Amino acid sequence: MRSGFRPDFRAVRLLFFLLLALGPSAGCVGPEGGEEPSPQEALVPAPAEEEPDLLAQARAALAAGDTNRALNRIEDSLPDHRDDAAVWQLYGDTLLRFVDESIAAGKADPGVVEGCLYDAEHAFDRVLELQPGSFAAAAGRVRALAARGEAEAAWQAVEAALPLAGDELDPVQARIFGRAGLALTAARVQAGAGVPAAARRAEELLGVAVAAGVEGAVLDLSDLLAWEGLREDARRVLVEHLCARPRDAAAIDRLKNLDAADPAILAADLERVRSRRPDDGFLLWYLGEARFRQQQAAVAAGDFLAAYEAIDRAEECFLQSQALEPDFAASCQEWLFLVRNARGWALWNEGRVDDAAQAFLASLEAAPERLEPEPKPASLRLGIEAVMGHYFARERDMAKARAFLRRVTALHDGEAMWWNNLGLACRDLAEPRARGGEPVEGELLELFEESWAAYTRAVELAPDDPNIVNDRALIAVYYLDHDLDLAESELHRAIELGTRALAGIDREADPEAWQRVDMAIGDAWENLAYLDLMRRRRTDRAEHYLEQSSQHYPWQDRGGVKMLRGVLERLRAGDQDS
């Protein structure tokens, strides 16, 4: 093999084998009557006297792992060994080794590989011409043909080779022959021709390899059974193998493929392995994954009892796996977060909102750092917001909303809208009582103070949100006896923030956002009027504030503005009377 590459064998092979077949008699007679060197002798310089035999060089190169050099030396020696079956066998074997190594190294050129395999087949053919009973050559033909994808021809070669194998077939060779049967079975089934008779013989051959523990034989046998339509047998083979070798990830992946249509079957198969290997953290990780997939299917089918059982078992598996395999801890924690979120969503989908709320809280408490930045499907964040929305909009139960949000914000302090919603829940609990004439003291005052504190934290997290700034100020303006000056300043700031924000919103493209900000501006002006009129009994600025408020959504329909105009008239009338 010259300069690290092989030539196009489809062009070279014909000349090469033709010259070998013609032999010495094909030499030309020179002008002086002597024979000229043959083409091979002209291309291959004679070795120096002290240089070892070419075949010895080839064997030394093979021993040193230099297959490329070995192949060159063998090719150089072939003209002198046309009738030596051992050399032709060595040539074919070395070609196959070269192909295997090239593929393993990721450096296999398709044309070179095809040429090597073609030459290997003919090398083994030459051996069989010289030694018709050579099992090694017959087996080599199987490998060459199978590697070329010639499924029919490869199996025919298997049938020709088996009578030459003697009483006992080497398990590794049995696997090679069995794989040829697997390839033929797959090709026939894919072509719609049904399962060939060769499949049964291939099962026996692969069974020999499996019994001897040949690497990869179990996967081959399982694949063969699956192509035959014997999926239960294919699963059984893999389960039996995993009971002995529970850390065979390739076997687990095959089992996952076989059971893909029904995650419950995969979970049951892995549970059978677990019964034999209860303390294997690797297996428990895969079983936890299988249980998670099982609960997804169960929820989709509306079988919530099965879903909760699968979720509990998944959580158990990942907890045990991380205890047994410290290197798996990070992955197990990620899965535990997903599993606990799944419990919340299963309860939500069943309509058990209060239980779902507790499940989401448990997930947040276990891993607050894993809270997602966006409310994506099946996420914890979306679950928390779904529960909040239900309590606020569906049940209108502010006590539940408050209790839930108090725990949420205690576990995750950095979400402005969650603090805002806690402030709103406290306000909505307290306002009806205050409007009904109950004095703002005791428990009622505590609710308003809690609302103020929650809004204050929301403002700290979102200082430029005009709605949040306004809502915090409102609490002091209407219900508290402190921070009135701060509230006044914040209301003016809310107006400035809202005005700037409004300028950047396309009203036609996003009417809801525009309306929400415009309303916040109007609310702030109205709240300034309330502060002056109701808390300070001041009338000189109120008319301006009320006029400004009426220029924002919902404009003249603002009930608070109408009420405050009446207060302004009464206060002015009182001033005149006095």
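Is Phe 318 buried or exposed? In this predicted model, Phe 318 is buried, with a relative accessible area of 0%, and the surroundings of this residue are taken up again below, after a description of the protein as a whole.

The secondary structure of the protein consists of 27 helices and 0 strands. The radius of gyration is 42 Å, well over the 25 Å that the globule rule gives for 578 residues, so the protein is more spread out than a compact globule. Taken along the principal axes, the box filled by the C-alpha atoms comes to roughly 150 × 60 × 45 Å. Of the 578 residues, 47% count as buried, and the protein exposes about 28400 Å², of which carbon and sulfur atoms supply 51%. Among the contacts with a separation of 6 or more, 61% are made by residues that stand 24 or more positions apart.

One example of the spread of the chain is given by Val 210, whose place is in helix α10. The C-alpha atoms of Val 210 and Arg 572 are separated by 101 Å, and the two residues are 362 residues apart along the chain. Val 210 is partly exposed, with a relative accessible area of 26%, and, when residues up to four places away in sequence are not counted, Val 210 touches Ala 217, Val 218 and Leu 221.

These three partners of Val 210 appear among the buried residues of helix α11, which are Ala 217, Val 218, Leu 219, Asp 220, Leu 221, Ser 222, Asp 223, Leu 224 and Leu 225. Because 9 of the 11 residues of helix α11 (residues 217–227) are buried, this helix is largely enclosed by the rest of the structure. The buried residues of α11 pack against four helices, namely α9 (171–190), α10 (198–211), α12 (231–244) and α13 (249–258). Just after α11, Gly 229 takes a positive phi of about 90°.

The surroundings of Phe 318 can now be described in the same manner. Phe 318 lies in helix α16, and, leaving aside neighbours within four places in sequence, Phe 318 is in contact with Trp 285, Gly 288, Glu 289, Cys 332, Trp 335, Leu 336 and Val 339. By contrast with these contacts, the C-alpha atoms of Phe 318 and Val 353, which are 35 residues apart along the chain, are separated by 26 Å.

The charged side chains form a further part of the picture. The protein has 64 positive and 101 negative side chains, and the centres of the two sets lie 4 Å apart. Side chains of opposite charge can pair when their charged atoms come close. The structure holds 60 salt bridges, and several of these are described in turn.

Arg 340 forms a salt bridge with Glu 315, in which the closest N and O atoms are 2.9 Å apart. This pair links distant parts of the chain, since Arg 340 is found in helix α17 (residues 329–349) and Glu 315 in helix α16 (residues 304–324), 25 residues apart. Arg 340 has a relative accessible area of 16% and is therefore buried, and Glu 315, at 17% relative accessibility, also counts as buried.

A second salt bridge is formed by Arg 558 and Asp 523, with the closest N and O atoms 2.8 Å apart. Arg 558 lies in the loop between α26 (542–549) and α27 (559–577), whereas Asp 523 lies in helix α25 (residues 511–535), so the pair ties together parts that are 35 residues apart in sequence. Arg 558 counts as buried at 5% relative accessibility, while Asp 523, at 24% relative accessibility, counts as partly exposed.

The side chains of Glu 547 and Arg 565 also meet in a salt bridge, with an N to O distance of 3.7 Å. Since Glu 547 lies in helix α26 and Arg 565 in helix α27, the pair ties together parts that are 18 residues apart in sequence. Glu 547 is partly exposed, with a relative accessible area of 38%, and Arg 565 is likewise partly exposed, with a relative accessible area of 25%. Beyond such pairs, salt bridges that share partners join Glu 271, Arg 274, Arg 291, Glu 309, Arg 313 and Glu 316 into one network.

Key. Residues are numbered from 1 along each chain as its sequence is written. This is a predicted model: local features need pLDDT of at least 70, side-chain atom pairs count only at pLDDT 80 or more; totals for chains, interfaces and linings use all residues. Side-chain values use heavy atoms; hydrogens and water are left out. Helices (H or I, at least four residues) and strands (E, at least two) are DSSP runs, numbered from the N terminus. The radius of gyration is taken over C-alpha atoms; the globule rule is 2.2 Å times the number of residues to the power 0.38. Buried means under 20% relative accessible area, exposed over 50%, partly exposed in between (1.4 Å probe, protein chains only). Contact means heavy atoms within 4.5 Å. Accessible areas come from the Shrake-Rupley method with a 1.4 Å probe; for residues, only the protein chains shown count as cover. Lys and Arg count as positive and Asp and Glu as negative; His and the chain ends are not counted. The place of a charge is taken as NZ of Lys, CZ of Arg, CG of Asp or CD of Glu. A salt bridge is a side-chain nitrogen of Lys or Arg within 4 Å of a carboxyl oxygen of Asp or Glu.
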